[in-house]
Amino acid sequence: MGKKLFLILLSALLVLTGCSGTVEELSQGGESKQEASSDETSQGGEEMEITNHLALGAIYAYGYSSKAEGDDTLTALTDGKTDTFVTLSTDIKNDGKNELDLTFTDWYSKSHTVQMKKNYVLLTVDLGFVANVKEIQVVTKDKDCLGTEVFTSDDGYNFTNYAGAFDTVTNGVPTFEIQTGLAAKAILLVIPADAEETVSISEIIVKGESSAKKEALAAEATVVSKKDAITGKDGKVVQVDLGSVQNVSEVLFTASRDKVERLNVRYSVDGETWSDLGQSYLHSSGADLYRYLVTRNHTVEARYLEVYTYVSTSVSAKDVTVYGCKEAVAEPNYEFIQRKNQLSNTNVSAYNKASLNGKEEAKLTDMSFVNFVKGNAGANTVEVTLGQSYSDLCALALNTYRENPYDMTVTADGKEVSFSLYETEVAGSFVSYLFFDQAVAGQKLTVTFHSGEAAQLSEIMVYCGQPQLPLVRGGFFQLPTAGGNNPSSQNSEYAWYLQLKGMRDLGMEYVVLQYSAHYNARSTLINGKNIKAKGFRYTATYGCTDVPKAVLDAAEKLGMKVYLGTMHDADFTNPIANMESYEGMVDAAFAIIKDIDNLYGDHPAFAGYYLSDETCDAWLNLKGGVDAARYVYKNQSDLIREIAPEAKIMIAPAIWRSGKPEQGADNLYRMLAPEKEGDKPIVDIVAAQDCLGREQTLYVTNEAYASFESYVEEWAKAVRRAGAEFWHDAEVFEIIGSAKRCEEVIKSLNIELKTSGTVIVFDIPHYFTTYSMGAYNNVKNCYKVAIMRDYVKYYSTMKELDTMGTEATQPAVNTHDGKVVDTSGRLPVIKPVVTTKKYNEGVLQFGTPDPAAVTAWQTFKLGNNSGAKPEYALYWDADNFYVLLKTGDATASYGKGAWWAGNDDLVQIWMTADGSTASGVLTLDTGIRYYLHRTGENKWTPGGEAGSLATFSGFTFGEKDGVLVIKMPWTSLNVEAPDAGSGAVIGIKIQYIDGADSSWAASDGTKDQSVQVSALYSF
C-alpha cells in the first residue's frame, strides 16, 4: 500500500436493514476516503514543515463540551496542513454560562441542580501505539492556549496520568515540553475557553519516538444478521476478512447518525475460535457521521474480525478500517506501584504514653479524635513514647482543632527528622501530616509547633513502614445477577481488563463483586451447579461468558485481588420475626460459597469472600439484631473457614449513626467476636460504610462529618478489639444518584484515613471509573469523567508518597483499647416507671383502635398559626402502642424541602417508652425521636433516631379518612407491655408542622425536644 492510508470499505456505504442485509456501493476504486476528506478539509493548503510528527493521520475525537465547525470528517487536525482552522466553542447550550446546569431528583423526590464546568474544550488524539512523547504543540489562531492541561493514557481508554499544563509559546505556537519523555498511546487536551469564546485550531502536533508504526490493512467485508452467542442479542454484524493472518491493533467504525449505542469486536485466526478485541461506545461525531474506536496498544494475530452492532432493524455504516503493524507489537510493561502489602493500620502510637507541654495526656493516643486537650498560644511540645523501638518510622500526624499548627520540628530519639508537610481540614478538624524524607529509627518522638491561639490537640499518630494516605484502594462492582443495563455488566473480557487497569493506574488494588446471587429473585451471576440445583437461574446476558473469571484474570495480570460476593437478601430490620427466613438464605449461601470455591478458589487473584448482606448500627441495636447478623455471617464464615481456610472474609456494615456511638460499636463487637479467645473473628475485614452519600442535603454538612467521626472511631476500636482489620467503604455518590464531586470525596478520604489506611468505594462503574461507560456526548457519563479527571490530578500530587512502604510488613500495633464488652447479649427488656401518681388519667385507651370509632380524642395545647389545633388519641394492647392523629390540616403541603426545613407537613414524636422525663429525649437510653415527613400526595416518609435501649425500627403507619395511625411494637421499644391499672407510665409528646405556613403545633404546648411531666400518661 506504500504510505497510502488504505481503508477497509464495505465498498464504501453499507445499508444494513432488518429485511435485506444488502450492501450498497457508494463509490468504486481504491482511493482512500480519509485522504479525500483531508484534501477537501484543507482546501489544497500547503503542508506544514513538521518533522517527527507522531500525530500525523492520527484518529482524534472531540469531548462533550466541544462544538466543532469546519471539521465534518474529523481529519483536519492531524492532516499536517495549517492553512485552514477548525473553530471550537464551549457554549453548547447557548446560555453564555461557563457551567452546564444538571438537574437531578434525589431519593426524597426533591430536585437539585449541580454544575458541570464547560469553560474548556476537550480533544483526544490516539497515536496508535505507545510513544515516548517529548513535545506537544497546538497550532492556533488568536489564542495562546496557555493553561491547557495534558492528560495521557497508555492504553487508549484510561486517561490516568496528569502530565501538567502548557506554559510555553515556541515561535508563536503553544507548546508543552516533557524533559524526560512521557509514555503515551493517547493524549487528552483540556483547553481553557470561556462561554461564547472560540478557539481556532489547525493542527495538533506530537513529537517523540513511537514504539511501532501503525498502518491500515486491506480487507473485504460483508454484513449479516446474527445472534451473539455470548449475550444472546440479535443484530447486524460486519464480518471482515483480512485475507491472511495479520498483526491487528484496532478497528475504526464510522457510521451515519444511527442509534448504535456500543459495539463489540471479536477476532479469530481460523474463523472458528473467537477472542475479544474490545468494545466501544460512541467515540466522537462529525456533521453526518458517528465514530467508534476499538483499540489496543499492542497487536493480536487475526485474519477474521466480527463487529457486533446490536442493532437489529437498520444501521448505515460508511467505513470500517482495521489497523495493525507489520511486526508484532507486545503489550508494554506498565509501571504500577508494586506493594508487598496494603496495610490498613500502621499507627504505632495508639494507646502509648504521650504528653503535651510536659503533662501526660492519655487523650493524645486514645484513638479518639473528637476529644482534645488544650495547649498554649505560641510554642508547644508533644512527646510520644512508643511501646518498642522501630527501625522504619515513616510519617507522623497531628490532629488539631481551630487552626493548623506551624513552625514544626520533629526529632526521633533526639535526632532531627526532615519531612514534607501535607495539611487538610474537614469540619474544623485539622490534620498535619509530616512525611519523613527517609525512614528513621526510634522509640521516642518529639514534635514542637506553634499555634496562633491556644492549641487544641486531639491525637498524635506515628506511622511505621507505610503511611496511611487519603487515597482510594479499590471498590465494589454492583452487577445485576440476572443481566440488566448496568454498564459494567456489558463489559467484554478486554473491557474488564481496561476498567481494572484504570483502577490500578491510580494505586487501587482491591475489587469486590458485591453479590453472586439474589435469594428473593432466585438469580445467580455464577453458572455453578450447586446454586442452580437450588433453583437459581443463570442468565447469559453479559459481555463475556464468565464475569468472575474475566475479572479474576484481569486482576491477576494487574497484580490486584478480588473478593467475590455471596448471597444477598437477608432482612435485618425485624430480626426476631425474620429469623426463620435466614435459615433458607444461609442454606442457599452455602451453595454459592461452594461454587465459588470450586470454580475460582484456586485462582491466583482470588482473595476471598464478601458476605453480601449489610447490617448497620440501627439493626444491630434491635433486640435480636446481634443474633440475626451473627447467624447469617457466622454460618457462612464457618463453611468458608472449613473449605477455604486461607480465604479472607469481608463484610461492609453501615454506620447510620443510630443510638449512641459506643452502643452500635459494642454490638458490632458482640457480632464479630470469636466464640473462644484465640480463635479467628467471624470475619477478617470490616469495611464500614460511611453513609456520607446519603445525607439529606446535597453537600455533607460539617455536623454530619463530626458526627460520623464520633461513630467511626468507636467502630474502628471495636473491630480491632475483635481481631479483624478495619477498612472504610466510602460512598462516592450524591443523594441525587450522581457521582460525588471530587472535593467532597477528598474530604471523606481525609477524615477516614485517621482510622484506616485502606478505603474502598461504592461503587466503581456508576461513580468512580476512568474507563468510559457511555457515549462521549452522554451528559451524566461526562460529568463522572470530569470528576475523575479531578481525582487523577489529586492522585498525581500523592503518587510519590504512594510509593512509600512498598515492602512494608505489618508493624507491631496495639489494637486493643483495654475495653471489655459483655458478649452475653443485650441487656434485658426494661420495665416502665411505676408510680402511684396518675398522669393525664383516662387518656390511654386499652385495645386495638378502630379510627372510625375513636371518641377519646385529645386536643393539642398549642395550635398552628391559623389557629387550627390537631387532635390525638393514644391506645395500647399486648403487642403494640398506638398513636392516632387528626391533623386538622385541610391542604397537603409537600415537595418543598428536607424534613427539618418546616416547608412540608411533618409529624414528629418525642417519646420515652419507660416513662422517664428529660429536657433532651435523646440523652436517655430509652428516648426516641420519630417523624413522618409528607413527601407526596398520600405519601409519608419515616425517619428518626433512638437511644441505646429503644428504636423506631418496626414501626408502621397508615392514613385513612384523615386519621394517621402509627403502630409501635413493644418489642421495638424494648419495653414490657404494661398492664392496665398497674401504675406504669409512658412519656410522649406529639408535634405537627403545617408546611403551608411552617408553623408548629404541639400536644403539650412546647416545641422543644423535652418530655416533661405534662407529657406523661398513666396506663
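Here is a short chat about the empty spaces in this predicted model.

Colleague: What is the difference between a pocket and a cavity?

Modeller: A pocket is an open set of points, while in a cavity a probe fits but cannot get out. In this model, the largest pocket holds about 1600 Å³ of space, and the largest cavity holds about 700 Å³.

Colleague: Which residues lie nearest the centre of the largest pocket?

Modeller: Look for Trp 656, Arg 657, Arg 929, Gly 944 and Glu 945, out of 44 lining residues. Helix 6 (617-620), helix 9 (702-721), strand 47 (927-936) and strand 48 (939-946) each give two or more residues to that lining. Strand 48 gives the most, with six.

Colleague: How do the residues of that pocket lining divide by class?

Modeller: You get 21 nonpolar, 16 polar and seven charged residues in the lining of the largest pocket.

Colleague: Now the closed spaces. How many cavities of 30 Å³ or more does a search of the whole structure find?

Modeller: Nine. The largest cavity is lined by 39 residues, with Thr 124, Phe 159, Ser 772, Tyr 776 and Val 785 nearest its centre. Several strands give two or more residues to this lining, including strand 7 (120-141) and strand 19 (290-308), but helix 12 gives the most, with seven. By class, the lining has 24 nonpolar, 12 polar and three charged residues.

Colleague: And what volume does the second largest cavity have?

Modeller: About 100 Å³. Its lining has 13 residues, and Asn 345, Tyr 351, Met 367, Lys 717 and Arg 720 lie nearest the centre. Those 13 divide into five nonpolar, five polar and three charged.

Conventions:
Residues numbered from 1 in each chain as written. Predicted model: local features only at pLDDT ≥ 70, side-chain atom pairs only at ≥ 80, totals over all residues. Heavy atoms only, no water. 1 Å grid on protein atoms, 1.4 Å probe; cavity = no way out; pocket = protein on both sides within 12 Å on 5 of 7 lines; lining within 4 Å. Points joined across faces, edges and corners; volume = space filled by probe spheres on them. Helix = DSSP H or I, 4+ residues; strand = E, 2+ residues; numbered from the N terminus. Nonpolar A, V, L, I, M, F, W, Y, C, P; charged D, E, K, R; others polar.
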